Amino acid sequence: MKAAIAPKIPHQPHYRMRSRLIHGTFNTKRWDYDHHVIPPLSSSTTFRLSSVERGAEGFIDFGSEEVPLERKVPIYIYDRLDEPTRGMLEENLALAEQGEVCVTFSTGMAAIAAALGVAVRQGQEIIAHEQLYGSTYSLLTSWLPRFGIPTHWCNLRKPKCLRDCVTPKTRVVYFETPTNPSLELIDIAALRREVDTLNQDRKDNQKLLIIVDNTFATPYCQRPLTLGADLVAQSLTKNIGGFGTDMGGAVVGPRFFYNLLMGYRKDFGGVLSPKNAWPILVYGLPTLGARMANQQKTALKVAQFLESHPKVESVFYPGLDGFPQRELAQRQMVDYDGKFAPGSLLYFILKDAPGSSRAADQLVDYVAEHAYTITLAVSLGQIKTLIENPYSMTHFNLPPEEKEASGIHPGGIRLSVGLEDWHDIIDDLHAALEAA
Ligand SMILES: *Cc1c(COP(=O)(O)O)cnc(C)c1O
């Protein structure tokens, strides 16, 4: 008898996640690329179909509950429906977030809009934490109300407050943790317990859903689905992409949402281009573990340096002993091996006259002009260290009282720590603090 083709190494869940992020699902059904070491970059807007029947089958399969995902070898028809390079990235992102399925989008905002879009409909309401990423805030305040979906604000740092904010119309509880920019944490597991209690008397299609934006922590430092979130949305533009070359977004969650998300993406059209998916699949996600492990080591050193500097009033970094929510940080932010993983972002406040952003503006301007390892730019989660002052930049538009209430201090500076040698980052900060 002729020897069968050598069996592929089966999926090996007992391997550690650092290895699995590099090798991915390995024996993907998305594309047979046995002889490639690197997954191929496909670039084809439309796909050749062998018969009319095959085309019809593809359309019937798309979004069909009948075809179990595990068995599905997709019939590719048109890029906006489904596509192999993006599909491989989705398999690996689902693995990274420890969710059943992932659907990617053209940006983080497209992913957040989709997560909300499939969860909530006209007549229902959203409860969101008071402090949110700027564009998410304007999505909730400028756009969703046009479709009859209002948002109510609640301080979700105190999970019990949810009881007071919830109405029979509430459908979604939405937040980021850590928050932007002041790195406050929200207790996902505690909110799950609150939501479970509130859901007891609700019908299935009215049950509260928890949606978490996991962009800041990344799945390396925190897996909200394992703590009780229903859906995770995130930007791939930041730490998952990691190199700052491409935009992208993803929603990860249970199988139940797969067809809804795929249908939403098909009709609203915010697909991730395979050319943008490829670097995230090949460079970004496989190096996430190595980058985060190093960046957070540096972030702790930088945080400790800043904490000891006389011109710095306070430093917020979940890895510091004195972090106000230390116990929650250690419980919630852990890597795949269960080790504390406080992330690569920190926020510090400079001493200044009350209400003045002079010191922070001066320091950031000094950095922009003189620092080699620190770049003045918005965005975060790259191998290059980035600095910005939210009060004067990203959160400029908020009225001063609201900035103050959301912890956006005039002297506040956000630092996204990259992969440079930590001595150099500290030297650059030291020089800027001396000069400012
Ligand atoms: C950047 C960011 C987004 C939006 O992602 P884009 O890819 O820029 O659309 C959403 N949430 C958070 C917390 C972010 O940092």
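The legends below describe close-up views of a predicted model.

**View 1. The ligand and the residues that surround it.** In this predicted model, 14 residues surround the ligand, and the closest are Gly108, Asp213, Ser235, Thr237 and Lys238. Two of these closest residues also appear among the polar atom pairs of this view. The side chain of aspartate 213 places an N or O atom 2.6 Å from a nitrogen atom of the ligand, and the side chain of threonine 237 places an N or O atom 2.6 Å from an oxygen atom of the ligand. The backbone is involved as well, since an N or O atom of the main chain of methionine 109 lies 2.9 Å from an oxygen atom of the ligand.

**View 2. The crossing of helices H4 and H10.** Helix H4, which comprises residues 108-119, and helix H10, which comprises residues 258-268, have axes that come within 10 Å and cross at roughly 120°. Angles of 65 to 115 degrees count as roughly perpendicular and those over 145 as roughly antiparallel, and H4 and H10 are therefore oblique to each other. The crossing of these two helices is right-handed. On the H4 side the contact involves Ala113, Ala114, Ala115, Gly117 and Val118, which meet Leu260, Leu261 and Tyr264 on the H10 side. Sorted by class, the residues in the contact of H4 with H10 comprise 7 nonpolar and 1 polar, with no charged residues.

**View 3. The packing of helix H3 against helix H11.** Helix H3 (residues 84-97) packs against helix H11 (residues 274-307) at an angle of about 40°, and the two axes are 8 Å apart. Because angles count as roughly parallel when they are under 35 degrees, H3 and H11 are classed as oblique to each other. The crossing in which H3 passes H11 is left-handed. From H3, the residues Thr85, Arg86, Met88, Leu89, Asn92, Leu93 and Ala96 take part, and they meet Pro274, Ala277, Trp278, Ile280, Leu281 and Leu285 from H11. This contact of H3 with H11 is made up of 10 nonpolar, 2 polar and 1 charged residues.

**View 4. Helix H11 beside helix H15.** The axes of H11 and of helix H15, which spans residues 422-435, come within 10 Å and cross at roughly 25°. As angles under 35 degrees count as roughly parallel, H11 is therefore roughly parallel to H15. The crossing of H11 and H15 is right-handed. H11 contributes Thr298, Lys301, Val302, Phe305 and Leu306 to the contact, while H15 contributes Trp422, Ile425, Ile426, Leu429, His430 and Leu433. By class, the contact of H11 with H15 holds 8 nonpolar, 2 polar and 1 charged residues.

**View 5. Lysine 384 in the loop between strands S10 and S11.** Lysine 384 is placed in the loop that runs between strand S10 (374-376) and strand S11 (385-388). Although lysine 384 and isoleucine 374 are 10 residues apart in sequence, their C-alpha atoms are 7.2 Å apart in space. When residues up to four places away in sequence are not counted, lysine 384 touches Ser416, Gly418 and Glu420.

**View 6. Backbone geometry in the loop between strand S4 and helix H7.** This view follows the loop between strand S4 (170-176) and helix H7 (188-199), in which proline 178 is found. The peptide bond that leads from threonine 177 to proline 178 is cis, with omega near -5°. Proline 181 lies in the loop between S4 and H7 as well, and the peptide bond from asparagine 180 to proline 181 is likewise cis, with omega near 0°. Leucine 183 also has its place in the loop between S4 and H7, and the phi angle of leucine 183 is near 60°, which is a positive value in a residue other than glycine.

Note on methods:
Residues numbered from 1 in each chain as written. Predicted model: local features only at pLDDT ≥ 70, side-chain atom pairs only at ≥ 80, totals over all residues. Heavy atoms only, no water. Axes fitted to C-alpha atoms, helices over the stretch in contact; angles between N-to-C directions. Helix = DSSP H or I, 4+ residues; strand = E, 2+ residues; numbered from the N terminus. Left-handed = near helix turned anticlockwise from the far one by under 90°. Contact = heavy atoms within 4.5 Å. Nonpolar A, V, L, I, M, F, W, Y, C, P; charged D, E, K, R; others polar. Near = heavy atom within 4 Å. Polar contact = N/O pair within 3.5 Å; in protein donor to acceptor, adjacent residues only side chain to side chain.
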